[in-house]
Amino acid sequence: MYKEKNRALLMYSSAVILFAVGASYAAVPLYRMFCAATGFAGTPKVGMGRFEPERLVPVENARRIKVHFNADKSEQLPWKFTPQQKFVSVLPGETSLAFYTAKNSSEQDIIGIATYNVTPDRIAPYFSKVECFCFEEQRLLAGEEVDMPLLFFIDKDILDDPACRNVDDVVLSYTFFRARRNKYGHLEPDAAEDVVQNSMGWSQYEHAPKRDGDSSAQSKPEASS
């Protein structure tokens with residue numbers, strides 16, 4: 001009887017430890033998923049069943065919102081990254097297609113990762129991306145130039161939000177970073193954590209400190225080609 005109790009206790013303890021380790025490892029990805037799902041901290045919403053046909057119907061009598069496109073990149077990334085259009089004007093519920101151009105100016109293949117945010121951040125819950133190059137890492141061959149599409153819409157529910165009543169201009173910003181692999185083997189931006197947070201519009205929010213060895217920017221980055 002005692003042997004069975006000890007075995008059950010061991011299995012329970014092991015499960016708790018594994019859960020704690022998994023939760024710690026997944027904390028940052030889960031936080032980013034939360035922001036993408038809720039629009040928190042200026043993160044445009046993605047997925048979450050917001051793309052039903054009835055939501056993608058332009059509200060013809062509404063005012064148009066001008067969406068400006070911004071492009072930045074880290075100094076460590078030898079790419080040229082620019083939007084192909086300065087802005088587009090869209091109606092709530094209207095889908096719009098925009099393009100960015102990226103060119104690898106180096107003599108080696110490089111993987112890049114894009115972060116993004118939208119300002120003012122109160123519009124983020126209504127800014128939805130259907131397709132975007134930022135959903136996955138981008139590998140450019142040496143000297144390669146590519147067009148990167150973005151399909152988005154502003155949800156018509158914005159018209160019912162008093163906080164967004166006077167929003168006429170929106171800025172969608174992307175920042176490309178060179179990719180590196182962290183200790184778990186996953187690709188992440190090769191930059192200091194505060195730089196990455198700032199690129200996603202989270203710099204004004206307080207974050208729990210990372211433990212030693214957790215994707216530390218001081219660790220030596222691995223090759224990304």
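Which residue forms a salt bridge with glutamate 94? In this predicted model, the partner is arginine 64, and the closest N and O atoms of the pair are 3.2 Å apart. The contact links distant parts of the chain. Arginine 64 lies in the loop between E1 and E2, while glutamate 94 lies in the loop between strand E4 (87-90) and strand E5 (95-104). The two residues are 30 apart in sequence. Arginine 64 has a relative accessible area of 44% and is therefore partly exposed, since buried means under 20% and exposed over 50%.

The chain as a whole sets the frame for this contact. It has 225 residues, of which 39% are buried. There are 2 helices and 11 strands. The order of elements from the N terminus is α-β-β-β-β-β-β-β-β-β-β-β-α. A helix thus opens the series and a helix ends it. Contacts between residues at least 6 apart in sequence were also examined. Of these, 77% join residues at least 24 apart.

Strand E6 covers residues 110-119. Of its 10 residues, 9 are buried, so the rest of the structure largely encloses this strand. Two pairings of E6 were found, one with E8 and one with E10. Strand E8 (residues 138-140) runs antiparallel to E6, and 3 bridges join the two. Here glycine 112 stands opposite glutamine 138 of E8. The pairing of E6 with E10 is also antiparallel and spans 8 bridges. In that pairing, valine 118 stands opposite leucine 172 of E10.

Salt bridges were searched for across the whole structure, and 7 were found. One of them joins the side chains of aspartate 168 and arginine 63, with an N to O distance of 3.0 Å. Aspartate 168 sits in the loop between strand E9 (145-154) and E10, and arginine 63 in the loop between strand E1 (45-46) and E2, so this pair ties together parts that are 105 residues apart in sequence. Both ends are partly exposed. Aspartate 168 has a relative accessibility of 39%. For arginine 63 the value is 31%.

A further salt bridge involves strand E10 itself. The side chains of aspartate 190 and arginine 180 meet at 3.1 Å, N to O. Aspartate 190 belongs to the loop between strand E11 (187-189) and H2, whereas arginine 180 is part of E10, so the bridge ties together parts 10 residues apart in sequence. Aspartate 190 and arginine 180 are both buried. Elsewhere, Arg55, Asp155 and Asp157 are linked in a network of salt bridges.

Strand E10 also contributes to a pocket. The second largest pocket holds about 170 Å³ of space. Its lining consists of 14 residues. Those nearest the pocket centre are Lys73, Ser74, Thr175, Phe177 and Val195. At least two lining residues come from each of strand E2 (65-73), strand E10 (169-181) and helix H2 (193-199). By residue class, the lining has 4 nonpolar, 7 polar and 3 charged members.

Strand E10 thus recurs in the results. It pairs with E6, carries arginine 180 of a salt bridge and supplies residues to the lining of the second largest pocket.

Technical notes. Residues numbered from 1 in each chain as written. Predicted model: local features only at pLDDT ≥ 70, side-chain atom pairs only at ≥ 80, totals over all residues. Heavy atoms only, no water. 1 Å grid on protein atoms, 1.4 Å probe; cavity = no way out; pocket = protein on both sides within 12 Å on 5 of 7 lines; lining within 4 Å. Points joined across faces, edges and corners; volume = space filled by probe spheres on them. Helix = DSSP H or I, 4+ residues; strand = E, 2+ residues; numbered from the N terminus. Nonpolar A, V, L, I, M, F, W, Y, C, P; charged D, E, K, R; others polar. Buried < 20%, exposed > 50% of the residue type's maximum accessible area, 1.4 Å probe, protein only. Pairing = 2+ DSSP bridges. Salt bridge = Lys/Arg side-chain N within 4 Å of Asp/Glu carboxyl O. Contact = heavy atoms within 4.5 Å.
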